[in-house]
Amino acid sequence: MRLHCPPPRTAASHQSPHLLPHALTGLVLFGLSLTAVPPVQSQQPTVLPAVRQVDTVEQAFGLSMPDPFRWMEGENNAEFNAWLKQAGAESRRKLDALPSLGRWRDRLTAAAQASTRHGSQRQVGRRLFFLRAPAGQEPMLMVRDADGHEHVIIDPARDPGSSLSNYSVSPDGGKVAVNIGHGGSEMGELALFDVATGTRLPDILRPVWSEFESSWLPDGSGFFYTRMRDVTPDDPDPMQGSGAYLHRLGEPQASDRLIARAGADDALAISAHDFPSTFAIPNSDWVVLGIGGARASLRGCVARRADVLGGHPQWRCLFDYPDNIQDIALAGSTLYLLSARGAPNRRVLALDLEDGVARLGDARVVIPERDDAVLTDMAPARDGLYLKSMRHGLDHVERMEYGSASLHPVAMPTEGTIALMQADPRQDGAVLSLEGWIVATRAFRYDPAGDTLIDLGLGTLGAPDMQGLVAEETEATSADGTRVPMSVLRPRQMPMDGSTRAIVFGYGGYGISLQPSFRPILVEWTRAGNVLAICHVRGGGENGDAWRVAGTGANKQRGVEDFIACAQELAKRGLSRPGRTAGFGASMGGVLTGDAYTTAPSAWGAMMVQSGIFNPVRLLAARNGANQIAEMGDPRTPEGMKQLLAMDPYQHVRDDARYPPLLLVTGAVDQRVPPWNSGKFGARVMAASPATPVWFRTDDQFGHFATNANAAALEMADVFAFAEEQLK
């Protein structure tokens, strides 16, 4: 359970049902997860409005921080909203005038509509559930029966403006609880459907964040779920004060029982900005309460299910954030823990919950840390615990039999990323997916009895030809001599004279790894003759937890240096040159790209950022800001404010610098990063460097990400056309 603020997963991507819900997290690389809007054809030219400045200087702990665009802040700021809308209209006019935009729209729309994508496959009994996104449309929830017959459970196309982000299946496979969003907002509802008929049941629960997965009771009579608190439109931070609840089928939401609430003055002492989630599994008498936030580690407590259902749980809290437990799995009365404390490549611990006095220190090591691989995921099945590890960005799966430390490797047809590893503690085997940068996604069911993989035919169908491309894994040397992994996608035949346009993508937050991911829309940039590089900066998890720590908080600048080094490495190898190289980031990646932009403007020909965090010193002035303290720093303390100032791109803009062209993409209903981050940063750059093109791609109908490939194609057409125009 990781509760972050990165680019979120799309509805057709992976969720691990054995985990506490991965709320506010997940990663679909720079494209299918970004805000996308239909093109707006401007009828009349508009003029970018003047940007007024105020004489505001933040004084804190001896630090002086000028803030001339403080007036842009606030959730219902009519003046800023009007300014951003006009700035967006002017930028829309410029984007529409780009000579390559029509070509990019045609290419990317064709790529989106050529494929049928599948994801979130889950085997429950003899039924296989999955999401299907045909021809770039919104994913629909499907089920395949034992006889191979498939039918639709819910299709969001029947309710325009809605989208599916997650679902959970009752233990008997007869009902599903589906997370539904509306109008681009990630704050939506949880709805129930009958699997056989697709009939919507009367139970409706709201507000629920888009990725909080519900957890069914073993008898299917109800489920646990996490609900956001009811808020008013002017609430400064609706992400705080969420609660874990128990819902019984057929009962009104008002009757739901509160299990734990963030910010409550009770023995659990859950911080208001954290998120409590409760889950149970069919073969266990235990319930786990997981508590997480925008950090890699978790808090965890357990209680007997009968006590929880009876309304008098005796929670036994087993680990806290400093213990650095980064994942958990429950099998019977054994709690498996993925621990990074003293083991940056992680190890697996096991704790017997029937031992009423057992604490974390009593856990036994079942899988020790490895020198050559990072343990990343666990999935408990009836036949054993499935384990996923990563070596140099590529995944491997093994099965550990319960009661034994012996591991059996699961042979995959090729190397790549195993984004999905789903298992059911009542069934043998697991459902696995496999993909690569230029290798289409496939989905399999692993049968341990025959040690075989059965192709489910539910991967990416109709993928474009990638034969003319090469995906290389290389390294760049950062400022302090650290070797930084870099993935490079390029045409097989290309000049090595620095003349090729390149985009470098980076993220660097929460220990998230940018592993090989098949995204045809993004690869179109390379199919058109350009270079796409993914820089695995410190702050991510590609080289284990030590890699995360080395680029987090006070070490954030190391990741920025890594990102700049990746651009420089492209030039050294003749793959591009600074004037032909653009940076690209999103969300938390705004800190990375914004600081790379202000630190080394001459390293870039352009920079594109979607929904970026640009003003960390004002963290607590933003929705979802308190949730970021663990990752970024606490502005209420001297050390925290100093740390935030050191990573603040807005504060780093210099009046004597000349900056490259900048494209800022933002959605008005973004619940994760408020649009004023982009507004303030863009305005500051315009004031400091009036000759710099600063364009705002805005829309008032979308939030932090697109929910279908067709919408993402339109956004990326703008991004690519902007890059092509500026990288002369």
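Contact here means heavy atoms within 4.5 Å. With that in hand, welcome to a quick tour of a predicted model, in which local features need pLDDT of at least 70, side-chain atom pairs count only at pLDDT 80 or more, and totals for chains, interfaces and linings use all residues. Residues are numbered from 1 along each chain as its sequence is written, and side-chain values use heavy atoms, with hydrogens and water left out. Helices (H or I, at least four residues) and strands (E, at least two) are DSSP runs, numbered from the N terminus. The tour takes in an open sheet of 8 strands, the helices α1 and α12 that touch it, and a few backbone features.

**The sheet**

- The strand order is β31-β32-β34-β33-β35-β36-β37-β38, and the pairing is mixed. Two strands count as paired if DSSP finds at least two bridges between them.
- β31 (469-477) and β38 are the edge strands; each has a single partner strand, so one side of each has no neighbour in the sheet.
- From one strand to the next, the twist averages 20 degrees. Axes are lines fitted to C-alpha atoms, for helices over the stretch in contact, and angles run from 0 to 180 degrees between N-to-C directions.
- As background, strands of a sheet pair through backbone hydrogen bonds, either parallel or antiparallel.
- At one edge, β31 and β32 pair in the antiparallel sense over 9 bridges. These two strands form a hairpin with 5 residues between them, and G481 in the turn has a positive phi of about 90 degrees.
- At the other edge, β37 and β38 are parallel partners over 6 bridges. L663 stands opposite W695, and L664 stands opposite F696.
- β38 is mostly covered, with 5 of its 6 residues buried. Buried means under 20% relative accessible area, exposed means over 50%, and partly exposed is in between (1.4 Å probe, protein chains only).

**Around S487**

- S487 sits in strand β32 (residues 483-491), where E473 stands opposite S487.
- S487 counts as buried because its relative accessibility is 2%.
- The S487 side chain makes polar contacts with the side chains of E473, at 2.7 Å, and H536, at 2.8 Å. A polar contact is a pair of N or O atoms within 3.5 Å; within protein, one must be able to donate a hydrogen and the other to accept it, and residues adjacent in sequence count only if both atoms are side-chain atoms.
- Leaving aside residues up to four places away in sequence, S487 touches W437, E472, E473, L532, A533, I534 and H536.

**Helix α1**

- Helix α1 (residues 78-96) has 19 residues, which at 1.5 Å a residue should span 27 Å; the end C-alpha atoms are 27 Å apart, in agreement. The expected span is 1.5 Å times one less than the number of residues.
- N77 caps the N-terminal end of α1, with a side-chain oxygen 3.2 Å from the backbone nitrogen of E79.
- The buried residues of α1 include F80, W83, L84, A87 and G88.
- The buried residues of α1 pack against α2 (101-114), β37 (662-667), α11 (676-688), β38 (694-699) and α12 (709-726).

**Helices α2 and α12**

- α12 lies across β33 (502-505), β35 (581-586), β36 (606-610), β37 and β38, and runs at about 165 degrees to β36.
- The axes of α2 and α12 come within 8 Å and cross at roughly 145 degrees.
- The contact between these two helices includes L101, W104 and L108 of α2, along with A713, L714 and F720 of α12.

**Backbone features to look up**

- As background, most residues other than glycine have a negative phi, and most peptide bonds are trans.
- The peptide bond from R206 to P207 is cis, with omega near -5 degrees; P207 belongs to strand β10 (residues 200-209).
- D451, which is not a glycine, has a positive phi of about 50 degrees. D451 is in the loop between β29 (442-447) and β30 (452-455) and is partly exposed, with a relative accessible area of 41%.
- N624, also not a glycine, has a positive phi of about 70 degrees. N624 lies in the loop between β36 and α8 (629-632) and counts as buried at 2% relative accessibility.
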